[in-house]
Each structure stands twice: as structure tokens, then as C-alpha cells.
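Trainee: I should like to take a close look at a single part of a model and then follow it outward to its surroundings. May I show you the structure first?

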Amino acid sequence: MFKGRDIVSIKELSKEEMEIIFEVAREMLPIAKGERKSDLLDGKILATLFFEPSTRTRLSFESAMHRLGGSVIGFSNPSATSISKGETLADTVRVMDSYSDVIVIRHPYEGSARLAAEFAKNPVINAGDGAGQHPTQTLLDLFTIHQEFGEIEGLNVALIGDLKYGRTVHSLAYALSHLGANIYLVSPELLRMPSHIIRELREKPMETDKIEEVIGDVDVLYVTRIQKERFPDPTEYKKVAGSYRITPELLKKAKDRAIVMHPLPRVDEIEPDVDYTEHARYFQQAFNGVPVRMALLALVLGVV
Amino acid sequence: MMEEQTLKVQKIKNGIVIDHIPCGMALKVLKILNINGDIGSTVSLVMHVKSRMGCKDVVKIEDRFLEEREIDKIALIAPTATVNVIENYKVVSKHKVELPDEIVGIVRCMNPRCITNQREPVVPEFKVVSKNPVIIKCKYCEREMGVEDIIENIL
């Protein structure tokens, strides 16, 4: 079902396929933690083509590959490669494809992962294409929720912060809605989720600009960073950002089992004191990038 | 009735009649066919003709025939149109334009950050997600485009 397959967009994965990925990711957990050794991908080479900087995504892919006994080649600074000489993406991909068994790509232009998948014979995994898709982030977010609650259907999930520009929340909203979760959108007026994203959701989500309106109802608070650059007036930014900050006081109004997630890096949208509450899951979530990416690598390479 | 309406414009000897264009779209059809002031032959255009379907536009172009590609372009903005080929005042062929499920190489993506707008060896491709109104979606960046966007980005 997965062997040789490209992972370009979350929309191409069915509910059943996502469940298989979660199941394999669960089996990978002890290996991801270093408690057990594996040589599942011994002799396989992953090529990481990072045309844009990234720490978490790139390093968790590398960790995933190493944990499974495979090796990694690639670049994270295209200015030091032939791309700076004007090589097309199509050519770079064809060459790297011939050096490796699977490609992971991050690129500033939208649709670049689809193009890479067309030119590569081996599987291509999209690690973010501009404002477009970032399916492995969505999968690790879903896996984190799934691990916590055992299912996604029927859960109340609030997406909070910058819902306009944040690409992670766009594909996450789509996936959550198709898996049967109830979605609450919490953002300042200026950063509301674009209507073309809302149109693709299964049910119309509840929209508000006040966290307090939903805090008592939700199982998951998915917080994103509100960037200063989005506001013409810095005082306006301070005011708005302050009203979306997650604090231990605010969480007193939340359900006991509610969890706080964040794709990281965070700046000050979650107070450091929240780290020590029962609700914090963002570091767990970041770690889950490893088992989920291990599962994907093993599946597309056809070894599980 | 129909004959009377059509006769508002003279019959042509050789050329094409594009009929059943959605009301108000005739000028846009001329635009995507790249027909402007210097064509050299007669172009006639009737807008807001009453018809059984309500209202339509008609375009007649003398001494001009259409390539397959041009017919596909018409289908994108006027999916109800028919193209009649006229020879010696007679209709020698008549066919409805047809909007295919996939559009390849006749429109560029409107998203400047789409990889197809960079220097890459690919032809822009779109999926038709709705035929009425026409909405197409880029196969690469997934941006959706409506009729106005299509007209602006025709190749």
C-alpha cells in the first residue's frame, strides 16, 4: 500500500492509511527513544534536500533514518551547491534520486514537492513547500492527539493564534475535520483562517477571537505563534499577542485532561510555567516527529 | 425567431461562428483568441441575444479557423459555446466545445510562488474542480482559479 509511494499532501492519505502510519509509529517508539536497536533500513540512503532552513524537521528525519540503521546525505544550505549556479529543481532531484533510496525535500516554492515526485523514481516526502503542504508535521500532530485520547473522532480541538499564514494549521484543520473532530478557530480578526481553507472542512467550525469562550470545552489547544511582522503597528501586536498567551491561570479553566500543543519554536505564546503543568505536550509532540518519520520511511521503502 | 436574431449580423462566406456563448462573455472570447484591431478580416459580435436558454452572445469571424487548443481555451471561459465552421455560406461542421477534466498547457498558474512559474521544465496542469462556474485547481500548488483569473493567465 505504501511501498514506493510519495507523501506530498495530507489530502492524499485516507483515514485507514493514517491509522496504519500511527500503528507503525507506535511500534517504532522504543527504537526512537534509543531503548532498542534496529537495522530495518540498513544499507538504505536518505537524501535530505533542504532549500530552506529547518532544524526540527530536518534533524528528526535524520534521527529517524539513523535510528533505523540507514544513512543520510544531503544539504541544508543550497547556496553552497550547484543550485546557486542556476540548476533547476528537476535536475537536482534527478541527480540526488540516483544517489539515494528516498528523498525528503523542503523548498520555498509551492508545488515543488509534487514536481520533485514527478522527476524522482524513488519516493519523495514533502517536508514543507512554501505556504503549501507539510504533511509529516500534520501526521505527527495527529499521532500526538491519537496517542493521548486513543481516537480523534468527536474530540474538540481549538486552533489558536495565526490561522491565516500558519501552514501547519491549514493542513491540520483539514485532516482533523475529515477524521471527525470538532474544530474551534480562535484568532484575532486580522489573522482569521482563509475562507478557502474553511470551505474544505466537513463542518463549519466555530470561530471566535476570545480563548475564554472555548477554554472549558476543548480537549486540545493547538497554539501557534503570532508573528510581529504581520502587524503594521507594534503596539497593536503587543496587545493582540498578549491576549492569546497560554498561562497556568488560564489552564485552570480547562478540562483536566486537556492538552496544549505547539509546532515550536515558541516565543512567548506559552508561558514557561505551563511546561510544568499536566497539560503541556509540545515537547512530546516534537519528539513524536521521530517515530512518525521512522514509520513513513519504513513504509515507503517497503520494509514493514 | 432564432434566424431573425442571428440575421442581425450578416452571414459570412468562410470562417467560424461561435454561438451560445454565455451572456456578456463575447469580448472575453475574442481576447483569449488574441483577436484585436489588426486581424484584417471582418469580425462581428452580438451580445445579449435572446435565446431559448435566456440570453447568449455570438461571435462571427471571417476567414479564420480554430485550432484544437483554441477550442479548449473557449471551453474554459464559455463552456456552453458551439463552434460552427462555415464554408461558402454553409455550415460544414458544428460542435459543442467541451471542458475536459484536466487542462494542460493553456493556462499558467496565477500563484507567483508556484513552482511552475519558476524556470522548471514542466507544463502547467490543472484539474477542473467545477464546470459551472468554471473553477480549476493547479496540480502543483493547489491554487484555485476562476474565470477572471483564467482570462488573465491564458498562454
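Which residue in β5(B) does B:Glu87 stand opposite?

Mentor: The model before us is a predicted one. In it, B:Glu87 stands opposite B:Lys90, a residue of β5(B). These two residues belong to a pair of strands in chain B: β4, residues 82–87, and β5, residues 90–96, run antiparallel and are joined by 6 bridges. Between β4(B) and β5(B) there are 2 residues, and the two strands form a hairpin. One residue in the turn deserves attention, for B:Asn88 has a positive phi of about 50°.

Chain B holds another hairpin, made by β2(B) and β3(B), again with 2 residues between the strands. Their pairing is antiparallel and extends over 7 bridges. Within this pair, B:Val46 stands opposite B:Val58, which belongs to β3(B). In a regular strand, side chains point alternately to one face of the sheet and to the other.

Strand β2 of chain B also contains B:His48. Its phi is near 60°, a positive value in a residue other than glycine. B:His48 is exposed, with a relative accessibility of 55%. A positive phi is found as well at B:Asn34, about 65°, although B:Asn34 is not a glycine. B:Asn34 is placed in the loop between α2 and β2 (43–51) of chain B, and at 62% relative accessible area it is exposed.

Strand β3 of chain B leads us to the cysteines. A disulfide joins B:Cys55 to B:Cys23, with a distance of 1.6 Å from S to S. B:Cys55 lies in β3 (residues 54–62) and B:Cys23 in the loop between β1 (15–22) and α2 (26–32), so the bond ties together parts of chain B that are 32 residues apart in sequence. Both ends are partly exposed: B:Cys23 has a relative accessible area of 29%, and B:Cys55 has a relative accessibility of 31%. By contrast, B:Cys138 takes part in no disulfide, and the nearest cysteine sulfur, in B:Cys114, is 3.8 Å away. B:Cys138 is buried, at 2% relative accessibility. The sulfur of B:Cys141 is 3.6 Å from the closest cysteine sulfur, that of B:Cys109, which is too far for a bond. B:Cys141 is likewise buried, with a relative accessible area of 13%. Over all chains, the count is 1 disulfide.

Chain B also has a cis peptide bond, from B:Asn132 to B:Pro133, with omega near 0°. B:Pro133 is in the loop between β7 (125–131) and β8 (134–138) of chain B. In chain A, the peptide bond from A:Leu264 to A:Pro265 is cis too, with omega near 5°. A:Pro265 lies in the loop between β9 (259–261) and α10 of chain A.

That loop brings us to helix α10 of chain A, residues 282–300. Its 19 residues should span 27 Å at 1.5 Å a residue, and its end C-alpha atoms are 27 Å apart, which agrees. The helix nevertheless bends by about 25° at A:Asn288, and a proline, A:Pro291, follows within four residues. α10(A) is mostly covered, since 15 of its 19 residues are buried. After α10(A) comes A:Gly302, whose phi is positive, near 75°.

Helix α10(A) also has a place in the interior. The largest nonpolar core has 62 residues, and those with the most contacts inside it include A:Leu159, A:Leu176, A:Met193 and A:Leu297. The largest share of this core, 9 residues, comes from α10(A). Leaving aside neighbours within four places in sequence, A:Leu159 is in contact with several residues, among them A:Val169, A:Leu172, A:Leu176, A:Met193 and A:Tyr222. Apart from this core lies another, of 61 residues, which includes A:Leu89 as well as B:Ile32, B:Ala81 and B:Val147.

How values were computed. Residues numbered from 1 in each chain as written. Chains lettered and ligands numbered in written order. Predicted model: local features only at pLDDT ≥ 70, side-chain atom pairs only at ≥ 80, totals over all residues. Heavy atoms only, no water. Disulfide = S-S within 2.5 Å. Buried < 20%, exposed > 50% of the residue type's maximum accessible area, 1.4 Å probe, protein only. Expected span 1.5 Å × (residues − 1). Bend = angle between axes of the 7 residues up to and from the residue. Pairing = 2+ DSSP bridges. Core = buried A, V, L, I, M, F, W, Y, C linked by side-chain atoms within 4.5 Å. Contact = heavy atoms within 4.5 Å.
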